[in-house]
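Trainee: I'm new to this one, and I'd like a close look at the charged pairs. Could you start with one of them and work outward from there?

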Amino acid sequence: MDDLEKLNELTEGRPELARLVQESLEEIGACRDGEDLEHARIRLLGKKGTVTGLFKGLAGLTTGDKKVLGQTGNLLRKLIEERLDEKGRELAGAARSQAGRALDVTLPGRRPRIGHKHLLTQVTEEITSIFVSLGYQVVVGPEVELDYYNFEALNQPPYHPARSLHDTLYVSRKDPHRESPDDVLLRTHTSPVQVRVMESRRPPLYVISPGKAYRKDEIDATHSAMFHQVEGFAVGTDITMGHLKGTLEVFARKLFGEERDVRFRPHFFPFTEPSAEVDVSCHGCGGSGCAICKRSGWLEILGSGMIDPRVFEYVGYDPEEYTGFAFGVGVERVAMLKYAIDDMRVFFENDARFLRQY
Ligand code: DAH
């Protein structure tokens, strides 16, 4: 026996109840769209609706009547819910097939969602364009590189102690037991572009080179096996440390704001002498110390230095004639500092909800 048959049996001899059931179901049957259906739902099942009314009427009744009325109410509620759902599905199906038949050309168009550049691309372009505005030329180099360009000609011959700083991903090695300039690897930094450009051109050179670099790093909040750098260098007959400082100060202020202080901290890189790391005063606290700068007031943004004469020798430049400076900026680092992002993995997980914000 289905619910309707049970209801009919229960309401036998009680014409008002039988009419209530019939009218309720008819009301649902007459609905023509979702709005009708919602109104019917409220009228039948709402706080002041038919079914609630039925239960409210229980109070003054005898036990036998209470039982019948209670059962009728419960069954009716269940039946109404089922019929509403059924009708809803029916109406939705009808609307779909209607839409398939007729194309309403007066409907407003659906705007396609337009994507935008990834935050790392935006930051790379911002860095690059600052140097382009200073007269630098963009040159890109290969990501699969020879040991010679990545290490040797940057004054790191095999077994140079600085090589161990780079956890290199090799593509192929001449001899797995010894380092060789012929080994093929994924470049561990963008600096090899310096060598490639100098090898094929003569000064004056003002070059900026964005790109990917790779290291065998464990992935965590501040490390990724693939990351981005922007390399830059200038070579001429009388380029000095003063030019390096002036250029990088202009760069740091354009990138982080004119009010930033910039400092140069002595450091070591095999391919520059002297070398310096560059810090900008923290935008979080203006230099007084906060969580962003780990209380130091400064944020490291790049490595730099005067190109080592040994590098000039490798590319066949006379170190007595030419001088130059070079620098390498970490793009993820800059993006994290600029946008207060504390975990690098968000750049690569490609969660559109994160990326859309920028
Ligand atoms: N190649 C360095 C690195 O990946 C960054 C760097 C430092 C580049 C000093 C330079 C430089 O050109 O002069 O850590």
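Mentor: Let's start at E125, which counts as partly exposed because its relative accessibility is 38%, between the 20% below which a residue is called buried and the 50% above which it is called exposed. Keep in mind as we go that this is a predicted model. The partner of E125 is K117: their side chains meet in a salt bridge, with N and O 3.2 Å apart. K117 has a relative accessible area of 45%, so K117 is partly exposed too. As for why such a pair is worth looking for, side chains of opposite charge can pair when their charged atoms come close.

How many salt bridges does the structure hold? The count is 20, so let me pick out a few others instead of reading you the whole list. Take D3 and K78, whose closest N and O atoms are 2.9 Å apart in a salt bridge. This pair ties together distant parts of the chain: D3 sits in helix α1 (residues 3-10), K78 in helix α5 (residues 63-101), and 75 residues separate them. Is D3 buried or exposed? D3 counts as buried, because its relative accessibility is 11%, under the 20% cut-off. K78, on the other hand, comes out at 41%, so K78 counts as partly exposed.

Now swing over to helix α10 (residues 309-315) for a pair with a local flavour: E313 and R310 both lie in this helix, three residues apart, about one turn of the helix. They form a salt bridge, and the closest N and O atoms are 3.1 Å apart. E313 is partly exposed because its relative accessible area is 44%. R310 counts as partly exposed as well, since its relative accessibility is 38%. Salt bridges can also share partners, and that is how R263, R265, E277 and D279 are joined into one network.

While you're looking at helix α1, there's an uncharged contact to check. T11 sits in the loop between α1 and α2 (15-29). A polar atom of the T11 side chain lies 3.3 Å from the backbone oxygen of N8. With a relative accessibility of just 4%, T11 counts as buried. You can find another contact of that sort at S209, in strand β5 (residues 205-214). There, a polar side-chain atom of S209 is 2.6 Å from the backbone oxygen of V139. S209 is buried because its relative accessible area is 1%.

Some side chains at the surface carry no charge at all. V132, V138 and V140 make a nonpolar surface patch of about 250 Å². V132 lies in helix α6 (residues 119-133), and V132 counts as partly exposed because its relative accessibility is 40%. For a contrast, try L185 in strand β4 (residues 184-186): its relative accessibility is 0%, so L185 counts as buried. If you want a feel for the span of the model, go from L185 to T72. They are 113 residues apart in sequence and 80 Å apart in space, C-alpha to C-alpha.

Last stop, the ligand. Which residues are closest to the ligand? They are H189, S191, R215, Q229 and E231, out of 15 residues that surround the ligand. By class, that shell has two charged residues, alongside nine polar and four nonpolar ones. As for individual contacts, a polar side-chain atom of H189 lies 2.9 Å from a nitrogen atom of the ligand. Q229 has an N or O atom in its side chain that is 3.0 Å from a ligand oxygen. F327 uses its backbone instead: an N or O atom there lies 3.2 Å from an oxygen atom of the ligand. On its own the ligand has 360 Å² of accessible area, and the protein covers 90% of that. The elements giving two or more residues to the shell are the strands β6 (226-236), β9 (298-307) and β10 (323-330).

Notes:
Residues numbered from 1 in each chain as written. Predicted model: local features only at pLDDT ≥ 70, side-chain atom pairs only at ≥ 80, totals over all residues. Heavy atoms only, no water. Near = heavy atom within 4 Å. Polar contact = N/O pair within 3.5 Å; in protein donor to acceptor, adjacent residues only side chain to side chain. Areas by Shrake-Rupley, 256 points an atom, 1.4 Å probe, with all protein chains shown as cover. Helix = DSSP H or I, 4+ residues; strand = E, 2+ residues; numbered from the N terminus. Nonpolar A, V, L, I, M, F, W, Y, C, P; charged D, E, K, R; others polar. Patch = residues over 30% accessible without salt bridge, like charges linked within 9 Å, V, L, I, M, F, W, Y side chains within 5 Å. Salt bridge = Lys/Arg side-chain N within 4 Å of Asp/Glu carboxyl O. Buried < 20%, exposed > 50% of the residue type's maximum accessible area, 1.4 Å probe, protein only.
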